[in-house]
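Open your viewer and get the selection tool ready. We'll go from stop to stop, picking residues as we go.

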Amino acid sequence: MSAPEPAATRRYDLDWIRVAAFFLLILYHVGVFYESDDWHTSSPRPIKGIEIVMSLSSPWRLALLFLIAGFATRFMTARLSPGPGGAGRLAWSRTGRLLIPLIFGMLVIVPPQTFFQVAQYTPHLVEPWPRFYALYLSGEHDWGITTPTWNHLWFVAYLWVYSLVLACLLALTGKGLATVGRWLDRPLSGPLLLLAPILYLGLARQLYPVFDRTHALVDDWYLHSVYLPLFLFGFLIARSERIRQTFIAQRWAALAIAAAAWLAWQAYLLTWTGLPGDLQLWTPFAENPPALLRIAMRWTYAAIQWGAIAAILGFGGKHLAFDRPALRYLTVAVFPLYILHQTITVGAGAWLPGLQLPLAVEAGLLVAITFGGAFAGYELVRRIPPLRPFLGLKLRSQAAKRPPRAA
């Protein structure tokens, strides 16, 4: 970068979308507790059909967050000095805001999740907490779990690594990435903004049968082929008003693509693999689907992914471009809430079923405990400066008219 980019007007629509996406992720993890598959803890009364509801956001939820992170990082780099020094400061800033919470989470936030998981599925292996924690740190146990682990904080690990990759690219190419972004501006200001990402994501989806999702970083090639390009793409297009307006203009078309693709995807699942119990609308085929159909469905999945993301960005750009005091609060709070929430969900999920409450009451209470506990933890930590970096907050709160940049 030969000269710093001028400061950009804050994209409040992206702030709203980021907050909503993290809230949706928290609700999703509450929903996972009620799925029929085993989780860290699972309800003895799974909710039939919840998988269909969960599949409405499964293809695009994390992809959207990585794209938004790319947007946020672009606005952040506009404040940095030119040259490799600016890239180095970006790497240092992201390390402080992401690696510290990741290590803290693996050492403090995640271990209780492992304890409750062992207690539910292999209770004979549960040790008193001091002994259990020592085993968690050493990894020398028979729980069938690799520890220390990061569980839901894999997102933080991936975002940190992608930020370092971006910093290296900035250091090597200088202003080259900004130039690439300008090259993309005109060709993507039309139908190609919908079609090109679907084409790419469909190609990436072909890796899925070979490289399943692991969330282990070192061998997660399918997810890297999706999330890293989306993060970099968000960085490249973040400052383009032309592309923002194209998202707005194409929002209904994007929504139609996502909805049609999701219906086709559900018909495919019902036809070839079925769903639990009485949700089967017809007897699914016992054989595997034809190879060509599998390939076609991977592009259908990609159409759900990008169609939903483009629709969200379009409707958000149209209707959410405004500031509110609540947004200023939530923009700072939502990342700490994400770090804290899953341990609360897992712990409450291990306790609530014993109360034998009506299922709807129990589920509502689990949502309330998850959000209430996470907000309480955030409110406590943000008032104690030495603890703030452990949740990704700056050491000192900085009151400002504009909300702080997204993490």
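Before the first stop, one term: a residue is buried if its relative accessible area is under 20%, exposed if over 50%, and partly exposed in between, using a 1.4 Å probe and protein chains only. This is a predicted model, where local features need pLDDT of at least 70, side-chain atom pairs count only at pLDDT 80 or more, and totals for chains, interfaces and linings use all residues. Residues are numbered from 1 along each chain as its sequence is written, and side-chain values use heavy atoms, leaving out hydrogens and water.

**Stop 1: the core.** Select F155, Y227, W306, L313 and Y338. These have the most contacts inside the largest nonpolar core, which has 100 residues. (A nonpolar core is a set of buried Ala, Val, Leu, Ile, Met, Phe, Trp, Tyr and Cys residues joined through side-chain atoms within 4.5 Å.) Now zoom in on W306: leaving aside neighbours within four places in sequence, its contacts include L67, L193, P197 and F247. Contact here means heavy atoms within 4.5 Å. Apart from the largest core lies another, of 13 residues, with V32, Y34, I50 and L366 among them.

**Stop 2: the rings.** The whole structure holds 32 aromatic pairs. Rings of Phe, Tyr and Trp (its six-membered ring) pair if their centres lie within 6.5 Å; planes under 30 degrees apart count as stacked, over 60 as edge-to-face and the rest as tilted. Pick W129 and F132 for a stacked pair, 5.9 Å centre to centre with 20° between the planes. Both sit in helix α6 (residues 129-138), three residues apart, so about one helical turn separates them. Helices (H or I, at least four residues) and strands (E, at least two) are DSSP runs, numbered from the N terminus. W129 is partly exposed at 38% relative accessibility, while F132 is buried at 0%.

Next, select F155 and Y338, an edge-to-face pair at 5.8 Å centre to centre and 80° between the planes. F155 is in helix α7 (residues 154-173) and Y338 in helix α14 (residues 325-351), so this pair ties together parts 183 residues apart in sequence. F155 is buried, at 3% relative accessible area, and Y338 is buried too, at 1%. Widen the selection: ring pairs link F155 and Y338 into a cluster that includes F22, F66, W154 and Y227.

**Stop 3: a loop.** Which loop holds N151? N151 lies in the one between α6 and α7. N151 is buried, with a relative accessible area of 15%. Beyond its neighbours within four places in sequence, N151 is in contact with H40, V110, Q113 and Q342.
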